[in-house]
Amino acid sequence: MTLRALIVDDEPPARSRLRRLLDAHAEVDIVAEAGSAREAMELIEEHHPDVMFLDVGMPEETGLDLLRSLASEKQPVVVFTTAHTDHALSAFNFNTADYLVKPFDVDRLSRALERARRLASGELRSIPARRTTRHRERIAVRARGEILFIKATLVDWISAEGNYARLHCGNASYQLRESLQNLEESLDASTFIRVHRSAIVNVDRIRKLVSAVDGSPSIVLASGELVPLGPTYRARLEEMLGQKL
Amino acid sequence: MTMNDSGRSTRSFADLFGIAMLIVAIWLILAFFNASEFYRRSMAIGGDSRWNEIIAVQLTTSLIWAIFTPIVFAVAERFPLHTRRESFRNFLILGAFTPVFAVIRAIVGGAWHQIAEGNAPTLYFARLSIAVRFHRYVFLTIVIIGLTNIILAYRRSVMREQDTFALQAALTNAALAQLRARMLPRVMFETLRNISERVDTDPNGADELIVGLSDLLRSTLDLDRRAEITVAEELEHIDRYLDLEKARTAGRLTTRIDFDEPLLAARVPPLVLHTLVEHALDGGSGERTLEIRGREIDGLLSIEIEKEGDAAADVTPPRLEQLLTDQFSLDRRREGAKDIVAIELPLRLVEVAS
């Protein structure tokens, strides 16, 4: 799927940097660029973009003002690009795929694009909101006789192991001397959500909901793994995926 | 009991009630002690004293003392004997107070017994009461004054210990802030210089450094605000810095970090270890290897930072070095081509709750 994108930022160098980074993504077609919220409004009417890269702090009207004045059916998927973490929490009230704090790297941009694609295609209905402006992006674990630092985005899901936790990353898994609750609180809430008393899942890995062989509700991950879905969390997941079990 | 800003103690109602109950309890025990002693003595010499009468008199005496004790406390507290400048003056004041108080106490006691027997207090009985009880009451007053001074001295030593602890913590923080203030700009300038060199030839590399540097600064500000963090969080932060350093020196830095697994959950003051790691790598840019090891030794978190290779590290100012040595048993040594910095942090393990 080609993503038709609009870049909204009052600073020309910021727009050109984003354009340069997006050049590496063949699936993105930049249909227009706006230097202000007012200009963006007109361009949205004209181009109906799938995704809008939106700066928050702009003179006159801010990015959030723009979203508030847009009718919800006209609202493209939003990827915030901003120098401040302050608005990260309220930003998720809109059709938000991600909140990128400038300067961001290609990995973060790729993830935001993947989320935007899933939202624009209807594969996902919403992304959970952040609860904190700062969160852990690496997790220290001890394996193979040393401390390894696992990038949080590489974690598929986390299971409880007694009082501790186990990180599942592809074929590898690592024990961690931390409680699930502590991990849930310290990781990015827009990426990691609790789906069971003893499981946390990376939103970007969720593919669909199924009933397991024994009839219990489960989540299918991109890897094909099945993760149990607790009754308390079922409605939320169904709403997020737009799928009824 | 709580200490207010000026360091003087203020007592809550609960504290006062507790103290009052303690005083009454001590005097009741003394009443029973005296009564039983008196009773046995009178039995031995063949007197006809009855226990009921003896205990009634002793209880009354003790309870009057219980009422009078706070007065002695208050006077002894107001004129403490172990102050630096006024102890002689206070000694004279208490010396004058003690016999006067003993006389008043004797008169009140005598009068009370007369009233209890249905008679009006008389001057004769007051004189008699003073003659009989003066020595004993002087002794008791001195005992109460002595006890008050012992309690005051103990409380002061506890407060002094707390003050010393707070002062040490403040000094440590100041020392670390000083070291951090020296290190952070160096890392920034070093990285900025590197970025400017790459902008034309390697814009993507420059971009990576810019993102790495801003991530590191954000993380530093975030951790700096907190009183303590886990070792895992500290190491995650250090890993960010090492990534930046590796990007800056184009892979000429090799690192290995090893801590015993349970130590990852230990609580430490933020950025102590990070600052020492920055200091260890400061100035170098050639081939280097860095190893950070953490072990629990004798209930302390013992950490070693071992560096081999290119070095141009400047020397920590002696005063700062001394502070770090005192606070964290900082020890620097050289083994062959390796520079090793060892420190010991207090080990606070927090159990994981399910």
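Reader: Against which element do the buried residues of helix 1 of chain B pack, and what makes a residue count as buried?
Author: They pack against helix 2 (51-78) of chain B, where contact means C-beta atoms, placed from the backbone, within 7 Å. A residue is buried if 20 or more other C-beta atoms lie within 10 Å of its own, exposed if 12 or fewer, and partly exposed in between; in helix 1 of chain B the residues that meet the buried criterion are B:Trp27, B:Ala31 and B:Ala35. This is a predicted model, in which local features need pLDDT of at least 70 and side-chain atom pairs pLDDT 80 or more, while totals for chains, interfaces and linings use all residues. Residues are numbered from 1 along each chain as its sequence is written, and chains are lettered from A and ligands numbered from 1 in the order in which they are written.

Reader: How do you know that the span of helix 1 of chain B agrees with its length?
Author: The expected span is 1.5 Å times one less than the number of residues; the 32 residues of helix 1 (residues 13-44) of chain B should therefore span 46 Å, and the end C-alpha atoms are 47 Å apart, which agrees. Just after this helix, B:Gly46 takes a positive phi of about 80°.

Reader: What is the corresponding result for helix 5 of chain A, and what covers its buried residues?
Author: Helix 5 (residues 106-120) of chain A, with 15 residues, reaches 20 Å from its first C-alpha to its last, close to the expected 21 Å. Its buried residues include A:Leu109, A:Ala112, A:Leu113 and A:Ala116, and also the charged A:Arg115, A:Arg117 and A:Arg118. Among the elements that cover them are strand 1 (3-8), helix 1 (12-23) and strand 4 (77-82) of chain A, and the helix is followed by A:Gly122, whose phi is positive, near 85°.

Reader: Why are strand 6 and strand 7 of chain A called paired?
Author: Two strands pair if DSSP finds at least two bridges between them, and strand 6 and strand 7 (residues 146-151) of chain A have six, in the antiparallel sense, so the criterion is met. A:Val141 stands opposite A:Leu148 in strand 7. The two strands form a hairpin with two residues between them, and A:Arg144 in the turn has a positive phi of about 55°. Strand 6 (residues 138-143) is mostly covered, with five of its six residues buried.

Reader: How many residues of each chain are in contact across the two chains?
Author: In chain A 17 residues are in contact with 20 residues of chain B, and strand 6 and strand 7 of chain A each supply at least two residues of that side of chain A.

Reader: What makes a set of residues a nonpolar core, and which residues have the most contacts inside the largest one?
Author: A core is a set of buried Ala, Val, Leu, Ile, Met, Phe, Trp, Tyr and Cys residues joined through C-beta atoms within 7 Å. The largest has 105 residues, and those with the most contacts inside it are A:Ala116, A:Ile158, A:Val195, A:Ile200, A:Val201 and B:Val277. Helix 6 (residues 231-248) of chain B gives the largest share of this core, seven residues. Apart from it lies another core, of 16 residues, among them B:Trp65 and B:Tyr137.

Reader: How many helices and strands are there in chain A and in chain B?
Author: DSSP runs count as helices (H or I, at least four residues) or strands (E, at least two), numbered from the N terminus; chain A has seven helices and 15 strands, and chain B has eight helices and ten strands. Buried residues make up 38% of the 245 residues in chain A and 25% of the 354 residues of chain B.
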